Amino acid sequence: MLDNIKLSADGNAVIILDQTRLPCEVKYLNLTTAAEMKKAIVTLQVRGAPAIGIFAAYALYVLARNIPKSVDFFKKLNQYKDELNATRPTAVNLSHALERMLKAVGKTKNRKKALAALGEECRAIQHEDIAVCRSIAEYSLSLLKDNWGVLTYCNAGPLATSRYGTALGGLILGHERGYQFKAFCCETRPLMQGARLTAYELVEEGIDTTLICDNMASKLMSEGKIQACFVGCDRVAANGDTANKIGTSMIAVLAKHYKIPFYVFCPASTLDMTCKSGRDIIIEERSGEEIHTGYFKERITHKDVKICNPAFDVTPADLITAIVTEKGICKPPYSNSLKTVKKGS
């Protein structure tokens, strides 16, 4: 597994694996400025809800270390927190990690003590994520059988977290224990994260992996090649509605039609009990250039055609078989099971 996010040895930079270069090039970036860090999140050089949270925590720490002594430290710290938080409105892990960082500082007015607390907290956030992903993988494996075909969407593997991932965790852990799964990865337009990242991760792990275009899922399901659908998510509402990469709800509708279980995997920090339903989730709208040109050498569309490019959609709770967290497997009614998990977080 690639080391996708870490703090530099001197603590003055966040080092990330540039996911926009994969799978053709493995390139690491040393980020030291707020502009570089915000760009990394917006352009998806770092991506995946848990990974964004880890990155944001490290970023805030690095930025705090470099606040000039002539500047109001705590005012600037809050400014950096707000700027980072505004980069990706859909992923709750981002705001959760940043709030944890400020909470760690507490009411101290001492710069040195604040920096020590921030440094300890950002490292703890990543260490906890490793344990969380391992736990999710164990629960995930309990839902799988040897030789099953599993359909994935977008990317919810190690690149999106720290280790194992969320939706891919069971496949990777099971493979380590001798299971023989068949993974089918949807390419996941418009950013091709399934094609570029998920397929890359699974092949590198040695798992039997087939890449399909997004509009091929129904055919494979009808042929009996898919026994389960595993997806991650960026936010879970209190009623069990989930937001994930655009197109996820389409897979859920197909799964229900073909009576295939549809599972959502996420850390408990992704559960947003203040969000009543999917209607309350803010959906990020991305640039139309991702569709006009995308990964093609030249524009493939008419220059005047309008583009609708939402980054996420909402999968209604009634299409979800179970939501799997590190605390356990939540089943309907989600208004009860999610509340129980959140209280134990």
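This report describes the cores, helix packing, cysteines and backbone features of a predicted model.

## Nonpolar cores

The largest nonpolar core holds 41 residues, and the members that touch the most others are Ile 5, Val 14, Ile 16, Met 37 and Phe 55. At least two residues of this core come from each of β1 (5-7), β2 (14-17), β3 (28-31), α1 (34-42), α2 (49-65), α3 (73-85), α4 (92-105) and α5 (111-141). The greatest contribution is that of α2, which provides 13 residues. Apart from this core lies another, made up of 31 residues, including Cys 154, Cys 229, Val 231 and Cys 233. In soluble globular proteins, nonpolar side chains tend to be buried together.

Ile 16 illustrates the surroundings of one core member. Beyond its neighbours within four places in sequence, Ile 16 contacts Asn 4, Ile 5, Lys 27, Tyr 28, Leu 29, Leu 31, Ala 40, Gln 45, Val 46 and Phe 55. Two of these partners, Ile 5 and Phe 55, are also listed among the core residues that touch the most other members.

## Packing of α2 with α5 and α3

Two packed helices are described by the angle between their axes and the distance between the axes. For α2 and α5 the angle is about 160 degrees and the axes are 9 Å apart. Because angles over 145 degrees count as roughly antiparallel, α2 is roughly antiparallel to α5. Their crossing is left-handed. On the α2 side, the contact is formed by Pro 50, Ile 54, Ala 57, Tyr 58, Tyr 61, Ala 64 and Arg 65. On the α5 side, Arg 111, Leu 115, Leu 118, Gly 119, Cys 122, Arg 123, Ile 125, Gln 126 and Asp 129 take part.

α2 also packs against α3, at an angle of about 150 degrees and with the axes 10 Å apart. This angle makes α2 roughly antiparallel to α3, and the crossing of α2 and α3 is right-handed. Here Ala 56, Ala 59, Leu 60, Leu 63 and Ala 64 of α2 meet Phe 73, Leu 77, Tyr 80, Lys 81 and Leu 84 of α3. Ala 64 of α2 thus takes part in the contact with α5 and in the contact with α3.

## Packing of α3 with α4

The axes of α3 and α4 lie 9 Å apart, at an angle of about 170 degrees. These two helices are therefore roughly antiparallel to each other, and their crossing is right-handed. From α3, the residues involved are Phe 74, Leu 77, Asn 78, Lys 81, Leu 84 and Asn 85. Their partners in α4 are Leu 94, Ser 95, Leu 98, Glu 99, Leu 102 and Val 105. Leu 77, Lys 81 and Leu 84 of α3 appear in this contact and also in the contact with α2.

## Cysteines

The model has zero disulfides, where a disulfide requires two cysteine sulfur atoms within 2.5 Å. The sulfur of Cys 154 has its closest cysteine sulfur in Cys 186, at 10 Å, which is too far for a bond. For Cys 185 the closest cysteine sulfur also belongs to Cys 186, at 8.0 Å, and this too is too far for a bond.

Both residues are buried: Cys 154 has a relative accessible area of 6%, and Cys 185 has a relative accessibility of 0%.

## Backbone features

Most residues other than glycine have a negative phi, and most peptide bonds are trans. A cis peptide bond links Arg 189 to Pro 190, with omega about 5 degrees. Pro 190 sits in the loop between β5 (182-186) and α7 (193-205). That loop also contains Thr 188, whose phi is positive, near 65 degrees. Thr 188 is buried, at 1% relative accessibility.

Another cis peptide bond runs from Pro 332 to Pro 333, with omega near 0 degrees. Pro 333 is placed in the loop between β14 (328-330) and α11 (334-343). A positive phi, near 65 degrees, is also found at Leu 44, in the loop between α1 and α2. Leu 44 is buried, with a relative accessibility of 7%.

## Surroundings of Thr 242

Thr 242 belongs to strand β9 (residues 242-245) and is buried, at a relative accessible area of 2%. Apart from neighbours within four places in sequence, Thr 242 contacts Cys 233, Arg 235, Val 236, Val 264, Asp 313, Val 314, Thr 315, Ile 320 and Ile 323. One of these partners, Cys 233, is a member of the 31-residue core.

Notes:
Residues are numbered from 1 along each chain as its sequence is written. This is a predicted model: local features need pLDDT of at least 70, side-chain atom pairs count only at pLDDT 80 or more; totals for chains, interfaces and linings use all residues. Side-chain values use heavy atoms; hydrogens and water are left out. Buried means under 20% relative accessible area, exposed over 50%, partly exposed in between (1.4 Å probe, protein chains only). A nonpolar core is a set of buried Ala, Val, Leu, Ile, Met, Phe, Trp, Tyr and Cys residues joined through side-chain atoms within 4.5 Å. Helices (H or I, at least four residues) and strands (E, at least two) are DSSP runs, numbered from the N terminus. Contact means heavy atoms within 4.5 Å. Axes are lines fitted to C-alpha atoms, for helices over the stretch in contact, and angles run from 0 to 180 degrees between N-to-C directions. Angles under 35 degrees count as roughly parallel, over 145 as roughly antiparallel, 65 to 115 as roughly perpendicular and the rest as oblique. A crossing is left-handed if the near helix is turned anticlockwise from the far one by less than a right angle, and right-handed if clockwise.
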